[in-house]
Every structure is written in structure tokens, then in C-alpha cells.
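Here are a few exercises to work through with the model open beside you. Try each task on your own before reading the solution below it.

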Number of protein chains: 2
Amino acid sequence: MVNFKGLDACDSFTSLKKTSRIRLHDLVTPARLANWWIPHAAELSYCYAFAPVDDLIVERLQALADEQQLIEKYRMLAEGAIMNTGEGRMVLHHLARGRLGAPVIWKGQDMEIFYRDEKLRFYEFAEKVRDGRIRSSADKPFAQVVQIGIGGSDLGPRAASLALSRWAIVKERAKLTPWFISNVDPDDGDYVLSRIDLSESLFVLVSKSGTTQETLANEMLVRERLKAVGLNPDKHIVAVTSKSSPLAGNPHYLDSFFIDDFIGGRYSTSSAVGGVIISIAYGPETFEEFLQGAHGADTLALEPSLKHNPVLMDAMIGVYERNVLGWPATAVLPYAEPLSRFPAHLQQLDMESNGKSVSRAGQPLSYSTGPVVFGEPGTNGQHSFYQLLHQGTDIVPLQFIGFLKNQLSSDMSSEGSSSRQKLVSNLVAQMMAFALGKEDENPNKAFPGGRPSTLLVGEELGPRQLGALFSHFENKVMFQGFTWNINSFDQEGVQLGKVLAKKALGAISKGDSSGDVRLDALIAAVYENTRRRDRADR
Amino acid sequence: MVNFKGLDACDSFTSLKKTSRIRLHDLVTPARLANWWIPHAAELSYCYAFAPVDDLIVERLQALADEQQLIEKYRMLAEGAIMNTGEGRMVLHHLARGRLGAPVIWKGQDMEIFYRDEKLRFYEFAEKVRDGRIRSSADKPFAQVVQIGIGGSDLGPRAASLALSRWAIVKERAKLTPWFISNVDPDDGDYVLSRIDLSESLFVLVSKSGTTQETLANEMLVRERLKAVGLNPDKHIVAVTSKSSPLAGNPHYLDSFFIDDFIGGRYSTSSAVGGVIISIAYGPETFEEFLQGAHGADTLALEPSLKHNPVLMDAMIGVYERNVLGWPATAVLPYAEPLSRFPAHLQQLDMESNGKSVSRAGQPLSYSTGPVVFGEPGTNGQHSFYQLLHQGTDIVPLQFIGFLKNQLSSDMSSEGSSSRQKLVSNLVAQMMAFALGKEDENPNKAFPGGRPSTLLVGEELGPRQLGALFSHFENKVMFQGFTWNINSFDQEGVQLGKVLAKKALGAISKGDSSGDVRLDALIAAVYENTRRRDRADR
């Protein structure tokens with residue numbers, strides 16, 4: 001019987017809090033560096049030698065994972081239990097890449113087959129675009145594919161597209177160039193549209209509800225621009241939406257591919273939300289390999305032992321850092337330029353999922369939940385915010401990611417080493433420096449160390465590895481959400497802003513009152529202060 | 001007489017800590033929304049109606065600013081005092097945009113004239129590139145300008161170039177397209193080079209010392225690629241460096257423009273580091289306007305009264321949030337797509353400057369210094385990490401930035417309002433929602449509010465406004481550094497990683513021992529784990 005209870009009700013958490021804090025400087029031996037590794041999916045490996053844990057802490061983290069029944073809850077989720085409690089929904093993004101247990105049947109439909117059929121439909125569409133059977137209204141083959149979406153319809157697909165853009169060139173799978181328009185600021189869409197030839201551009205409009213304000217405003221912009229140069233917008237746009245949306249089966253789109261309420265935006269890269277653009281740009285086989293990598297990592301995550309389950313280990317180390325050590329932020333540092341926007345995806349994934357203050361049953365919590373997540377690629381970050389990470393007054397635990405080979409085949413040797421060797425050297429050097437520090441007579445040049453990290457490393461980054469990385473962090477967030485007894489799958493915190501923005505928009509566009517004296521006062525002050533300054537100074 | 005002492009030695013800080021925390025819900029009245037504004041430079045305005053302060057707290061923050069002699073210290077710095085104590089250097093980035101006090105003479109040289117002369121030299125060079133008098137080795141006019149640099153030689157110039165790319169098109173000043181290569185990962189440079197025509201590409205190599213590992217590796221890559229297509233690299237690269245660097249006056253460069261040790265990387269956008277590429281891409285007059293905007297904000301920052309000095313107010317509110325309220329992170333949220341990389345610049349500026357644990361005299365501190373800084377443009381962030389900001393267990397104070405007009409002139413109306421009106425509506429709605437929250441019977445749909453913010457707003461974003469924004473945050477960081485009695489101008493925390501990376505690189509490239517058993521063990525484990533997995537699974 002599965003039991004849902006708070007972290008503060010767990011005996012194992014009480015025991016965990018009684019453990020002594022470790023000192024990395026003493027703990028990290030050559031033997032630990034050689035052995036504190038766990039094989040991951042897609043030939044990745046996970047290293048936790050620099051995590052702030054010892055055997056006893058790992059044992060108690062295992063007890064906590066067991067007491068909170070993390071694997072049982074994961075199985076429930078995978079088999080269609082209503083884990084998104086607030087919204088009364090199943091959570092099925094795993095199923096988009098493969099089944100992990102019993103079939104999930106909903107209203108007589110096998111959901112695995114639903115996702116697979118949609119996938120096969122967009123694979124076929126993608127092939128037709130790629131070989132020129134589907135052409136633009138100017139009768140040209142499409143050369144650009146532009147996703148219009150925001151949040152989860154943008155961040156994950158964008159991070160994945162960037163991650164594979166070089167790889168796809170080398171493998172000769174890059175056919176259409178992917179672009180993204182997300183912000184309601186017209187300077188986003190207008191700029192992208194100024195850089196592409198509209199007569200050979202296909203747009204993928206992504207909105208589950210078909211009512212997302214930003215996405216519809218950008219669609220309007222695109223349609224006007226297409227019309228202005230004599231093109232037929234209906235022949236340039238494909239929709240990704242739910243079956244009940246106004247975009248579904250609408251003759252104003254080339255086609256529509258379906259998603260549903262059981263895959264949340266930030267978990268949707270594995271669905272048509274990410275699949276359509278990746279299949280069109282880099283080929284269905286590339287997206288299929290991404291799904292295989294993710295499914296492999298999903299399967300590995302069912303393993304109950306921390307020491308054989310890298311994502312469970314990673315999740316529990318994060319809980320220890322957050323709830324015992326009390327650290328409020330964590331940084332993601334990919335030593336791989338193709339992952340330049342992966343931290344932005346993880347920021348949404350983690351902060352939108354676990355930035356919650358009430359339990360899944362709606363009770364206020366007495367403990368901290370999701371941390372602030374940020375990051376930039378290495379070595380760039382070394383020349384930016386690493387100063388604070390090394391010598392600041394707060395400790396920020398670090399998640400390194402790295403690969404031993406680059407994607408584009410060329411590399412230059414300078415001063416006896418390749419650029420890639422320089423990159424990997426920097427990665428290992430930073431892990432050492434953060435953990436072990438360095439004494440110095442001059443306190444300004446001393447490094448306290450004791451700043452922990454973990455590492456996900458592979459030989460090279462291709463679609464299978466990328467799929468495994470997406471799965472890793474989705475499942476980490478899920479396990480942490482279970483540990484905190486929260487619902488990681490809703491986002492009620494975005495609603496109030498939408499309601500107030502609607503009121504404000506009425507007031508701004510019509511010059512009316514919003515019905516809220518304070519909102520009216522703020523709007524008036526914003527316009528008054530910018531106008532007054534304008535008059536005075538020009 | 002100026003006195004340097006710790007925050008914990010300030011009587012005014014003791015008084016400040018005794019103030020009661022305010023409750024924004026009650027404090028924010030229409031009158032406060034109308035009046036808690038301060039005019040800024042370049043027709044910007046600063047609103048602090050949603051800051052977590054009341055009249056008494058502002059009064060005590062003023063006392064703290066006075067006791068720590070912030071304006072006096074700023075004047076000292078501007079007039080050439082050795083404020084970078086650890087490195088024994090002056091701090092002169094303000095002087096690159098104009099003089100704020102007595103002339104700064106160093107070794108008989110008026111430093112204002114030094115910076116101005118270099119500026120006039122690169123203005124002339126830029127004009128020659130722009131009108132085709134300086135041409136590529138294929139005798140073509142240059143159409144692309146690619147900056148090779150990392151850290152401060154990348155983040156600020158990149159953020160500024162992006163911020164003005166649309167504006168420069170509309171104003172017909174966009175002549176060459178700017179690009180950036182920074183990461184030592186060859187997938188960065190190779191990808192940029194694959195997207196441009198080398199025969200019409202000019203490179204700006206930026207390294208103060210002329211020895212930055214990443215930058216030299218990327219230069220090597222660029223030179224090889226140029227040679228491979230029959231071009232003469234010496235006719236395609238210009239250097240920005242110090243006079244003592246190996247790049248200075250070197251015949252292998254078209255020209256060299258000089259910077260010096262008195263302008264730190266993260267403060268260097270106003271120097272040749274940002275000026276060369278911006279002048280070439282968008283014209284010297286555009287860079288000159290940027291400098292004017294920054295100088296205007298620098299001048300305003302000399303005002304001793306918080307209520308008339310927006311940057312001093314902003315800095316002191318940040319100190320209150322960090323040292324009295326105890327908040328460890330802050331988010332920067334520009335509601336302007338052109339500022340998409342401005343948060344990454346601020347992340348370096350703030351975290352590298354103030355992520356310190358010792359005083360300017362080298363004594364350990366008993367209080368917190370610089371926070372974690374992160375951010376993404378709105379409305380995109382609303383669909384990402386705002387969930388945690390609204391309903392997470394921690395409070396993150398917010399810095400909003402917004403403009404009432406877009407840069408590209410066009411905007412679409414949909415459903416009775418323009419995209420820009422939608423953007424501004426979202427901005428004001430979020431400020432209200434964060435501060436005031438909303439009660440709800442369902443705790444999952446309740447918003448606690450009490451989440452403070454400040455706003456920098458203007459009519460439109462051009463070079464003068466951008467210069468003022470750069471200055472605002474540089475001076476904010478400086479004032480906070482003075483308050484904490486730290487040296488905001490060195491970065492000793494990046495040194496250890498460099499030393500260890502050199503050792504690691506020797507070991508990796510030659511197969512030797514690094515001389516450190518733990519580093520050797522880590523390197524061996526990284527290669528062993530990736531190779532072993534490779535063999536097993538393929």
C-alpha cells in the first residue's frame with residue numbers, strides 16, 4: 001500500500017538529520033574518485049565522488065527513498081495513477097517514449113498507442129516536408145522550420161534543437177534549419193522573420209489549449225507577414241495542440257498533431273511538441289533515437305538501489321543539500337557548447353515543478369522544496385559567476401555535464417593539446433578546485449573548498465545521450481517531488497498573473513479603469529513617468 | 001577623511017536591523033504607487049513602490065549609505081584612488097565615458113585622454129571598415145564582424161550588440177552583422193564559422209593579457225580556417241589588448257587598440273572591448289550615444305540622497321534584502337526581447353564583483369555579500385520559473401526592466417490590443433501579483449504575496465538607455481561592495497581552477513601524471529568510465 005506523507009513525518013529523515021556533515025577535503029580519496037560512479041543509460045556515467053555524502057548518509061538517503069516509496073510511486077505514475085492531484089490528471093510523458101509497466105487505458109484508448117500513432121503521423125509528415133512532397137504556397141521546398149510556442153513549448157524543444165544542430169550536420173541529417181519565436185514582445189518574432197525567406201518557411205504552432213496569448217499574437221504576426229508577401233498562411237502552418245482545441249482539424253492549418261492534458265508543457269519535448277520540429281529539421285530517425293535514450297534512462301530509474309540508480313542517487317543528494325544542509329540554489333554547468341540552452345530548460349523543469357509550498361493534498365509545508373536553478377556552459381561560466389561559487393559567502397552545489405569528444409569533427413591543436421582536451425581539463429580541474437580548495441597565507445587568494453558537485457559524463461553527445469539527459473532531470477524532479485510530497489505536475493502559481501494581465505490589458509488598450517485602484521495607479525504612474533521624462537529631456 | 005570598515009561595525013546597520021519588517025499588502029497604496037519613483041538618466045525612471053521598505057527603513061538605509069561614505073568613496077574611485085586593493089590598481093571604467101571629478105594622471109599621462117584617443121582611433125578604423133576603405137584579403141568589403149573573447153570580453157559586448165541589433169536596423173545604422181565566439185569548446189567557433197562567409201569576415205580578438213587560453217585557441221582555429229580557403233589571416237584580425245601584450249603592435253594584426261589594467265573585464269563594455277565591435281557594426285555615433293547614456297547615469301549616481309539617486313536607492317534596498325531579510329538570490333527580468341542576454345552580463349558583473357568572503361583588507365567577513373543573480377526575458381520567464389517565484393518556499397526579490405515601445409517599428413493588433421500592450425500589461429500585472437498575492441480557499445491556488453520588486457522603465461530602448469542601464473548596475477554593484485567593505489574589482493577566485501586545469505591538461509594531452517594523485521585518479525576515472533561503457537554497449 002502506497003502512503004503519502006510529508007518529509008517531516010519520515011523517521012528516516014529524522015535519522016538523516018542526525019548524521020554529521022562530511023568534510024570533502026578528507027573524504028575524497030583516489031579510491032573514492034575511482035569507485036563512486038554509477039553507469040547510466042546511453043553509455044553515460046554518473047560520478048558522485050564530490051557529493052557531500054558518506055556511506056552513512058547514503059544509507060539513510062536510501063532509507064528515506066524507501067520510506068517515501070519513490071519507486072512504487074514512479075510505477076504508479078507510469079501505469080496511469082492520478083498523480084497530478086490538483087488537476088485530477090494522469091502523468092504520461094514517459095509513455096511517449098515507451099511503456100514501463102501495465103498498459104494505460106483511458107476512456108477505452110490505449111494511451112501508448114495514441115502517442116505512437118500521433119508520432120507516426122508526424123514522422124510521415126516530416127518525411128514529406130524533407131523530400132519536398134509537401135511544399136510552400138510558392139511551390140518551393142521548405143528550408144526553414146519555425147516553432148511558435150512559449151514555456152514548455154519553447155524551452156525544451158529549443159534546447160534539444162540546439163544540442164543536435166551540429167551533430168545533425170556531421171551526420172548529414174540536417175535538412176531544415178530550426179528557429180523559435182516565443183516572446184509576446186514583437187521584437188522577438190519580427191527579428192526572426194527578418195532573417196528568413198518566408199516563401200520557404202514552415203511554422204509549427206504549439207499550444208495545447210489553442211488559447212495561449214503570446215502564441216496566438218505571434219501567429220497573427222506570422223500570418224500577416226506571409227500575406228503581405230503574397231503567400232497563403234494556411235499552407236505554411238502546422239498545429240500541435242489538443243483534440244479539443246480550436247486549432248484541431250482546422251482547415252487554416254496544413255495539419256494538426258495531437259497532445260493531451262497528461263503531458264505537461266515542461267515534460268513535453270518527447271511528444272509532438274518537440275517531435276514535430278526535430279523530425280522535420282533532423283529526421284524522424286533522430287527523434288526516435290532521442291526517445292530511445294530517454295526510455296533507457298526511464299527504465300534504469302526503476303531500480304530501487306541508489307547505488308545502481310544514478311537519477312535516484314542524484315535526487316536524494318539534492319534533497320540532502322536542500323533540507324539538511326539548507327542550500328537554496330543549485331547550478332547546472334554543461335561543458336558542451338551545444339547544451340547552451342539546456343540550463344534554461346532545466347530552470348523551468350525544476351522551478352515550475354517543485355517551486356511549491358503546499359503538499360499534494362493542499363496542506364502547507366514546514367520544509368523547503370525546489371531550489372533556484374541557473375547555469376551557463378563551461379568554460380564560459382568560469383569567466384563569469386564562478387568567482388562567487390569559489391569564494392562567495394554561500395555554498396551552491398554544482399551539477400557538471402561533459403563529453404570527451406566534440407560534435408563537429410574538426411579540432412585544432414595549439415600548444416600541444418586540442419581544444420577539447422582543454423575543455424575536459426577545465427572540467428576536472430574545477431571539480432577538484434571546488435571540493436578541495438587551497439590554503440594561502442593571503443586570505444584573498446585562499447579557497448575554502450567544501451563546495452560539492454556531481455558529474456554526468458559521456459563520450460559524445462548525440463540524440464540518445466540527449467534523451468537520457470532529458471529523462472534524468474525529469475525523473476530527478478519527480479523523485480524529489482515525491483520526497484517532498486508535493487504535486488510536481490501542476491503550475492497554479494502562473495494563474496494570478498494571467499488574470500491581472502487581462503485586467504491591465506483592458507485598461508491599457510481602452511483607457512478604462514481595470515476595476516482595481518492599485519493596478520490603475522501603477523499603470524498611470526508607468527505611463528506618466530515615462531512621458532514626463534520624455535517631455536522634459538528631449 | 002574616508003574610513004573603511006565592515007558592515008558589522010556600522011551603528012546605522014545595528015539600527016537598521018531593529019526596524020520592523022514591512023507588509024507590502026498594507027503598505028502599497030495608490031499614493032505610494034504614484035510617488036515612489038525616481039527620475040533616472042536617459043529618460044528612464046526607477047520605481048521602488050514594491051520594495052520591502054518604508055520611510056523609516058529608507059531613512060536608516062540613508063544613514064548607512066552616509067556612514068559607509070558611499071558617495072565619497074565613489075568620488076575617490078572616479079579620481080583615481082587605488083580602489084582595487086588586492087591588485088594595487090585604480091578603477092577607471094567611468095573615465096572611458098567621461099570625467100566625474102579631477103583629472104586622473106598616471107605616469108604623466110592624463111588617462112581620460114588615453115581612453116579618448118584610443119576611442120578616436122577605433123572610430124576612424126570603424127568608419128574605414130564601414131565604407132569599404134579597409135577590405136578583406138579577397139578585396140571584398142567586410143560584412144560580418146566576429147568578436148573572439150570570453151568572460152567580460154564576451155558577455156557585456158554580446159548583450160549590448162543584441163540589445164541594439166534591431167534598433168540599428170530601424171535607424172539604418174546596421175552595416176556589419178556582429179557574431180561572437182567564446183567557448184574553448186570547438187563546437188562554438190566551428191559552428192559560427194560554418195555560418196559566415198570568411199572572405200567578408202573581420203575578427204576582433206580581445207584579450208587584455210594576450211594569453212587567455214580560450215581566446216588564443218579560438219584565434220588559432222580562425223587562422224587555420226582562413227588559410228584553408230586561401231585568405232590571409234593577418235588582414236582579417238584586429239586586436240584589442242594591453243600595450244604590454246604580445247598582441248600589441250604585432251604585424252599579424254590589421255591594427256591593435258589598447259585597454260589597460262584599470263578597467264576590469266566585466267566593466268569593459270565602455271572601452272575598446274565593447275567599442276570596437278559596436279562601432280564597426282552599428283557606427284561610432286551609436287557607441288558614442290551609449291557612452292553618453294552611461295556618463296549621464298554616472299553623474300546622477302554622485303547625488304548623496306537616496307530619494308534622488310536611483311542607483312544608490314537600488315543598491316541599498318539590495319543590501320537590506322541580503323543582510324537584514326537574508327535573501328540569497330535575486331532575479332533580473334527584462335520585459336524586452338532585445339535584452340535577452342543582459343541577465344547573463346549582470347550575472348557576471350554582480351557575482352564576479354561581489355562574490356567575496358574577505359574584506360578589502362583581507363579579513364574574513366561575518367556577513368553575507370553578493371547574491372546569486374539569474375534571469376530571462378519576460379514574458380518567457382512567466383512560463384518558466386515564475387511558479388517558484390510566486391509560490392515557492394523561498395522569497396526571491398525581483399528587478400524588472402521594461403520599455404513602452406518596441407524597437408522594430410511594426411506591431412500587430414490582435415483582439416483589440418497590440419503585442420506591446422500585452423507585454424506591458426504582463427509586466428505591471430506581475431509586479432502586482434508578486435507583491436499583493438491573492439487569498440483562496442484552496443491553498444494550492446492561494447498566493448502569499450509579499451514578494452518585492454523594483455522597476456527600471458523607459459519609453460524605448462536605444463543606445464543612450466542601454467548605456468544608462470550598464471552604468472546603473474555597475475554602480476549598484478560598486479555601492480554594495482563599498483557597503484560590504486569588499487574589493488569588487490578583483491577576481492582571485494578564478495585562479496585556482498586555471499592552475500589545476502594546466503596540470504590536468506599536461507596529464508591528459510601527454511598521458512603523464514599531473515603530480516596530484518587525486519587529480520590523476522579523477523582523470524583516469526573519467527576516461528575509464530566513458531570508455532568502458534562505450535565498449536559494453538555498442
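## Exercise 1: A sheet in chain B

In chain B, strand β12 (residues 398-403) and strand β15 (residues 453-458) run parallel and are joined by 6 bridges. This is a predicted model, so please read every value here as computed from it.

**Task.** Find residue partners that line up β12(B) with β15(B), then place both strands in their sheet.

**Solution.**

Step 1. Begin with the bridge partners: B:Gln399 pairs with B:Thr454 in β15(B). Further along, B:Phe403 stands opposite B:Gly458 in β15(B).

Step 2. Now look at another partner of β15(B). Strand β2 (residues 45-47) of chain B pairs with β15(B) over 3 bridges, in the antiparallel sense. Here B:Tyr46 stands opposite B:Leu456 in β15(B).

Step 3. Put the strands in order. The sheet is open, has 6 strands and reads β1-β2-β15-β12-β10-β11 (chain B), with mixed pairing. At its edges stand β1 (37-39) and β11 (372-374) of chain B; each has a single partner strand, so one side of each is left without a neighbour in the sheet. On average, neighbouring strands of this sheet are turned by 15° against each other, direction ignored.

Step 4. Add the helix. α15(B) packs on the sheet and touches β10 (329-335), β12 and β15 of chain B. The direction of α15(B) makes about 160° with that of β12(B).

## Exercise 2: The surroundings of β15(B)

**Task.** Decide how many residues of β15(B) are buried, and which residues lie on each face.

**Solution.**

Step 1. Count first. With a residue taken as buried if 20 or more other C-beta atoms lie within 10 Å of its own, 6 of the 6 residues of β15(B) are buried, so this strand is largely enclosed by the rest of the structure.

Step 2. Then sort by side. B:Ser453, B:Leu455 and B:Val457 lie on one side, and B:Thr454, B:Leu456 and B:Gly458 on the other. Both faces of β15(B) are covered.

## Exercise 3: A sheet in chain A

**Task.** Work out the strand order of the 5-stranded sheet in chain A, and trace its pairing through β7(A).

**Solution.**

Step 1. Start from strand β7 (residues 201-206) of chain A, where 6 of the 6 residues are buried. A:Ser201, A:Phe203 and A:Leu205 are on one side, with A:Leu202, A:Val204 and A:Val206 on the other.

Step 2. Go to one neighbour. Strand β5 (residues 144-148) of chain A pairs with β7(A) in the parallel sense over 5 bridges, and A:Gln144 has A:Ser201 as its bridge partner in β7(A).

Step 3. Go to the next. β7(A) and β8(A) run parallel and are joined by 4 bridges, with A:Val206 opposite A:Val240 in β8(A).

Step 4. Continue from β8(A). Strand β8 (residues 237-242) of chain A is joined to β9(A) by 4 bridges, again in parallel. The bridge partner of A:Val240 in β9(A) is A:Phe257. A:Val240 thus appears in both pairings, facing A:Val206 and A:Phe257.

Step 5. Assemble the sheet. Its order is β6-β5-β7-β8-β9 (chain A), open and with parallel pairing. The edge strands, β6 (177-181) and β9 (256-259) of chain A, each pair on one side only. Neighbouring strands of this sheet are turned by 20° against each other on average, direction ignored.

## Exercise 4: A loop residue

**Task.** Is B:Ser209 buried, exposed or partly exposed, and which residues does it touch?

**Solution.**

Step 1. Locate the residue: B:Ser209 lies in the loop between β7 (201-206) and α9 (213-228) of chain B.

Step 2. Count its neighbours. There are 13 other C-beta atoms within 10 Å, and B:Ser209 is partly exposed.

Step 3. List the contacts. Leaving out residues up to four places away in sequence, B:Ser209 touches B:Ser242 and B:Ser245. The C-alpha atoms of B:Ser209 and B:Asp260 are separated by 9.2 Å, the two residues being 51 residues apart along the chain.

## Exercise 5: Helix α16(A)

**Task.** How does the reach of helix α16 (residues 463-484) of chain A compare with the expected span?

**Solution.**

Step 1. The helix has 22 residues and reaches 32 Å from its first C-alpha to its last, close to the 32 Å expected at 1.5 Å a residue.

Step 2. Check its surroundings: 22 of the 22 residues of α16(A) are buried, so the helix is largely enclosed by the rest of the structure.

Step 3. Look just past its end, where A:Asn485 takes a positive phi of about 60°.

Technical notes. Residues numbered from 1 in each chain as written. Chains lettered and ligands numbered in written order. Predicted model: local features only at pLDDT ≥ 70, side-chain atom pairs only at ≥ 80, totals over all residues. Helix = DSSP H or I, 4+ residues; strand = E, 2+ residues; numbered from the N terminus. Expected span 1.5 Å × (residues − 1). Buried ≥ 20, exposed ≤ 12 C-beta atoms within 10 Å, placed from the backbone. Pairing = 2+ DSSP bridges. Axes fitted to C-alpha atoms, helices over the stretch in contact; angles between N-to-C directions. Contact = placed C-beta atoms within 7 Å.
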